[in-house]
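Here are my notes on the model you sent, set out as numbered points. I begin with a single side chain and then widen the view to its surroundings.

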Amino acid sequence: MTASRAASHRRGLALLGAAVLALLFLPHTAAPARGAPPPPPGSATGASAAVEEVTGFGSNPGALRMFRHVPDGLPGGRPVVVALHGCTQNATGYGTSSGWTELADRWGFSVVLPGQTAANNLNSCFNWFRPADIGRGAGEAASIAQMVDRQLADTGADAGRVHVTGLSAGGGMAAVMLAAYPDKFRAGGVVAGLPYGCAQAAGSPFVCMYVGASQTPGQWGDRVRAAAGSHDGPWPRLAVLHGTADRTVVPANMTALVAQWTDLHGTDREPDVSDTVAGHPHRVYENAAGEPVAETYEITGMGHGQPVDPGTGPEQCGTAGAYSLDAGLCAAHRLGTLWGLG
């Protein structure tokens, strides 16, 4: 076999493996929530400004696409949210169905919407499990970091108020960005996602998703410290939302995320606040100064997807559909409130 044919063969195997992994992110039960599915690529958001694609945002080593939503007349000095879609989704559709573009218009901030391509992953999953894509300065993580830099340069946004979130594989990639680029993000929100380095800790992305990985809090924290290089703090604040009935990415991954980020912040795993939000259990973990550093929302009875709360009320947002589940709580609104965006 020639070198070129061997390289092509390896690429084909990599794409096949990515396709199999993507299929595992599909829910095990067909439980589409009421409402319409996310709009197709290129459709309008229904907001005051359309989602636009940005090209030439850097060397783009991960070969991703950059989309963004900037409300009309947005002044400089406003926050930025990076929102990462899940498998089989697209950037524009996720921005709308999750409620992020709606909140951007309501509250006045911009949204960066990275888009995966079929050339990277046949089912449009971000490759949160591939070492080549999760390190600082490498692959997809570096491409997303370049998008942040471009957004800051173009909009004059506040570099100290950049946040990252994502669903499922996008949630896994949000954890990657917090680990590899903690200096760029003030806070993050992982929805039905996975801790940084979980595929390597578990020995397989499948084990990570279905079972979880057995690590001590210190081992989890060490994975982030290794990814962050010379960075020794401050660390971003983390919020995790996860359905208790999720069988695609098991809730043990939420527990592991708490262990990882409380270790980084030097606090214990005993919640300092335990209450309910919209009827769902909510726990807050504080540092010695009494500041929240991690928190969780267990969305009771929800499967694999993004919790939304369609409607026109002040705390409502999002559109129900595939992977966008009406849970009476809009994750985007809750995260935006935590981050002081409203």
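1. In this predicted model, His282 has a relative accessible area of 6%, and because that value falls under 20%, His282 counts as buried. Its place in the fold is strand E9, which spans residues 280-286.

2. Which side chain makes a polar contact with the side chain of His282? The partner is the side chain of Tyr297, and the computed distance between the two is 3.3 Å. Once neighbours within four places in sequence are left aside, the residues in contact with His282 are Val273, Ser274, Asp275, Thr276, Val277, Glu295, Thr296, Tyr297 and Arg334.

3. The wider setting is an open sheet of ten strands with mixed pairing, in the order E1-E2-E4-E3-E5-E6-E7-E10-E9-E8. Its edges are strand E1 (52-54) and strand E8 (273-277), each of which pairs on one side only. Averaged over the sheet and with direction ignored, neighbouring strands are turned by 20° against each other.

4. Within this sheet, strand E5 (residues 162-167) and strand E6 (residues 187-191) pair in the parallel sense, over five bridges; His163 has Ala187 in E6 as its bridge partner. Helix H4 (residues 139-155) packs on the sheet and touches E1, strand E2 (65-69), strand E3 (80-84), strand E4 (110-115) and E5, while its direction makes about 40° with that of E2. Helix H5 (residues 169-180) also packs on the sheet, where it touches E3, E5, E6 and strand E7 (237-243), and its direction makes about 150° with that of E5.

5. Is helix H10 (residues 331-338) mostly covered or mostly open? H10 is mostly covered, since six of its eight residues are buried, namely Ala331, Ala332, His333, Leu335, Gly336 and Leu338. Among the elements that cover these buried residues are helix H3 (100-107), E5, E6, E7, strand E10 (292-299) and strand E11 (306-308). After H10 comes Gly340, whose phi is positive, near 70°.

6. Finally, on internal space: rolling a probe the size of a water molecule over the atoms shows where empty space is left. The structure holds two cavities of 30 Å³ or more, and the second largest cavity has a volume of about 30 Å³. The residues that line this second largest cavity are Trp128, Ile134, Gly172, Val176, Leu194, Pro195, Tyr196 and Gly197.

Methods. Residues numbered from 1 in each chain as written. Predicted model: local features only at pLDDT ≥ 70, side-chain atom pairs only at ≥ 80, totals over all residues. Heavy atoms only, no water. Pairing = 2+ DSSP bridges. Helix = DSSP H or I, 4+ residues; strand = E, 2+ residues; numbered from the N terminus. Axes fitted to C-alpha atoms, helices over the stretch in contact; angles between N-to-C directions. Contact = heavy atoms within 4.5 Å. Buried < 20%, exposed > 50% of the residue type's maximum accessible area, 1.4 Å probe, protein only. Polar contact = N/O pair within 3.5 Å; in protein donor to acceptor, adjacent residues only side chain to side chain. 1 Å grid on protein atoms, 1.4 Å probe; cavity = no way out; pocket = protein on both sides within 12 Å on 5 of 7 lines; lining within 4 Å. Points joined across faces, edges and corners; volume = space filled by probe spheres on them.
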